[in-house]
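Open the structure in your viewer and set it to a cartoon display. The tour below goes strand by strand, with something to select at each stop.

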Amino acid sequence: MTEEAGSPAIAVSVPEQQEVGVFADFAGIWHTPNTFVLDFLSLTSPAPQRQVDGTGEVIGAMPARVAARVRIPAEQVFQIIAALQQQADQWLEETGRPEPPDAWMPSV
């Protein structure tokens, strides 16, 4: 997140077993009155064959597992959104892309 004037500096250390991080294909986000929850999901096997029911709806679900769940106090979510936007804008500039990539969603 960005450092605000008058905010104390935070010295961050990452435990060795977490330095590599985890890979996630996508994230699910939900909230309670006091907390936002980010579930980072990894696909666990190939998507099933497309099957369509009588209404034309695709049935079946992609198998995924939560790779990491992060709970954030509701008061902090807007700072996180701002920090993500700042980093995303910086990434666009650094990569020379004129706009964000198209939305990605694995095909079922």
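**A three-strand sheet**

Start with E1 and E2, which form a hairpin with three residues between them. Keep in mind that the model is predicted.

To see the hairpin, select residues 26-31 for strand E1 and residues 35-43 for strand E2. The two strands run antiparallel, and six bridges join them.

Next, pick out individual partners across this pair. Select Ala27 and look across to E2, where the bridge partner is Phe40. Then select Gly28; the bridge partner of Gly28 in E2 is Asp39.

Now keep E2 selected and add residues 64-73, which make up strand E5. How many bridges join E2 to E5? There are nine, and this pair also runs antiparallel. For one example, select Leu43: the bridge partner of Leu43 in E5 is Ala64.

Show the three strands together. They make an open sheet in the order E1-E2-E5, with antiparallel pairing. Why is one side of E1 and of E5 left without a neighbour in the sheet? E1 and E5 stand at the edges and each has a single partner strand, so one side of each has no neighbour there.

Finally, turn the view to compare strand directions. Neighbouring strands of this sheet are turned against each other by 20 degrees on average, with direction ignored.

Methods. Residues are numbered from 1 along each chain as its sequence is written. This is a predicted model: local features need pLDDT of at least 70, side-chain atom pairs count only at pLDDT 80 or more; totals for chains, interfaces and linings use all residues. Side-chain values use heavy atoms; hydrogens and water are left out. Two strands pair if DSSP finds at least two bridges between them. Helices (H or I, at least four residues) and strands (E, at least two) are DSSP runs, numbered from the N terminus. Axes are lines fitted to C-alpha atoms, for helices over the stretch in contact, and angles run from 0 to 180 degrees between N-to-C directions.
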